[in-house]
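Please look over the sequence and the coordinates that follow, and keep them at hand while reading. The paragraphs below are meant to be followed residue by residue.

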Amino acid sequence: MRNLKCAIMGAMDRDEINSAAWDEEGRRGCWWTREVSSEATSLAREGKLSLPFLLDKPLPQSWLDKAGDEVLLLGSGGGQQGPLLSAYGKSVTVMDISASQLARDEDAAKRDSLSLRTVRSSMSDPFPFGDGVFDSCINPVSVNFIKDPLPMYREVKRVLKDGGFFMTAFANPALYMFDVKGLEKGKMKIKYTLPFDADVSLSEREKLIKIRNKDTFEYSHTLSKLIGGITDLGFTILGFDTSPSGFEPIDSFLGECYLAILARKS
């Protein structure tokens, strides 16, 4: 039986696991899978846009003003950023690993007579776009679902025009120290060393339970990769933002739970 379980683990690609997990999140009604309302897209058409980015904290207006016309929304399926930016007048391409998340973008766009392009692909793989085609890449919290952010950063740089902007957000790596079950009960118990890597930090049993429950495999990464990786590629960091988690047991210890960076391709 153990050999069979190991074979199952080996046969399942992490992108495949996370794709199925995000399909399940949609069935559970996760906040990031809820399509925006027609009222919200109507306001965006009038130039009044609040774009979800750091959980429920919107993308700063000064960042939004730099987005340009051609926008790549990376790991941003779910019927939120795509329809809103389209209504705001942008030419939008949404790339996501989850077919159901992309379907929500398509449904919201059809409902409100909007135009956008959806592409199903992994951020870990080479992007299916040419060089220098986007004015900006907006990447809400999702880098924690891939094993290594550096290949993604290189692809972002490649597909951006010279002077293009990269707006990315990620979970504070410190969050991954804690026992998730304890957090759910309001207990802050340190369990894991950093960087957290689901492939090595979890036991075989824990990984199998995640697959069975259709939960995501996550990776905390180091700040030298998350931030240094951007500057090492020649991006210039122009802005920084943070947000609490909205969950009091965590926020009472760690107020800056989510971090965001605005960078420009030199």
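What follows is a walk through charged side chains, a pair of strands and a few backbone details.

The coordinates come from a predicted model, and every value quoted here is computed from them. A convenient starting point is the charged side chains, since the structure holds 19 salt bridges, of which a few are taken up here in turn.

In one of these, the side chains of Arg-27 and Glu-24 come together with a nitrogen-to-oxygen distance of 2.9 Å. Both residues belong to helix H2, which covers residues 14–28, and because they are three residues apart in that helix, about one helical turn separates them. The two partners sit in contrasting surroundings: Arg-27 is exposed, with a relative accessibility of 56%, whereas Glu-24 has a relative accessible area of 17% and is buried, since the limit for a buried residue is under 20%.

A second salt bridge links the side chains of Glu-204 and Lys-207, at 3.0 Å from N to O. Here too the partners share a helix, H10 (residues 204–213), in which they are three residues apart, or about one turn. Glu-204 is partly exposed, its relative accessible area being 28%, while Lys-207 is buried at 5% relative accessibility. Turning from single pairs to a connected group, salt bridges that share partners tie Glu-24, Glu-25, Arg-27, Arg-28 and Asp-215 into one network.

The salt bridge between Glu-46 and Lys-48 has an N to O distance of 3.7 Å, which lies within the 4 Å cut-off that defines such a contact. Glu-46 is exposed, with a relative accessible area of 53%, and for Lys-48, likewise exposed, the value is 53%.

Positive charge also appears on the surface as a patch, in which Lys-181, Lys-185, Lys-187, Lys-189, Arg-205 and Arg-212 gather. Patches are made of residues with no salt bridge, so the members of this patch are not partners in the contacts described above. One of them, Lys-181, is found in helix H8, which comprises residues 180–184, and this lysine is exposed at 62% relative accessibility.

How much of strand S7 is covered? In this strand, which runs over residues 160–171, nine of the twelve residues are buried, so that S7 is mostly covered. Strand S6 (residues 134–139) pairs with S7 in the parallel sense, over five bridges, and among the pairings that can be located in the model is the one in which Ser-136 has Phe-165, in S7, as its bridge partner.

The backbone offers some further points to inspect. Most residues other than glycine have a negative phi, and most peptide bonds are trans. Against that background, the peptide bond from Leu-194 to Pro-195 is cis, with omega near 0°, and Pro-195 is placed in the loop between H8 and helix H9 (198–201).

Which surroundings, buried or exposed, does Ser-113 have? Its phi is positive, near 55°, and Ser-113 lies in the loop that runs between helix H6 (99–111) and strand S5 (117–120), where the serine is exposed at 64% relative accessibility. His-221 also has a positive phi, near 65°, and is found in the loop between H10 and helix H11 (223–226); at 7% relative accessibility, however, His-221 counts as buried.

Notes
Residues are numbered from 1 along each chain as its sequence is written. This is a predicted model: local features need pLDDT of at least 70, side-chain atom pairs count only at pLDDT 80 or more; totals for chains, interfaces and linings use all residues. Side-chain values use heavy atoms; hydrogens and water are left out. Helices (H or I, at least four residues) and strands (E, at least two) are DSSP runs, numbered from the N terminus. Buried means under 20% relative accessible area, exposed over 50%, partly exposed in between (1.4 Å probe, protein chains only). Patches are made of residues with over 30% relative accessible area and no salt bridge: like charges are joined within 9 Å, nonpolar side chains (Val, Leu, Ile, Met, Phe, Trp, Tyr) within 5 Å. Accessible areas come from the Shrake-Rupley method with a 1.4 Å probe; for residues, only the protein chains shown count as cover. Lys and Arg count as positive and Asp and Glu as negative; His and the chain ends are not counted. The place of a charge is taken as NZ of Lys, CZ of Arg, CG of Asp or CD of Glu. Two strands pair if DSSP finds at least two bridges between them.
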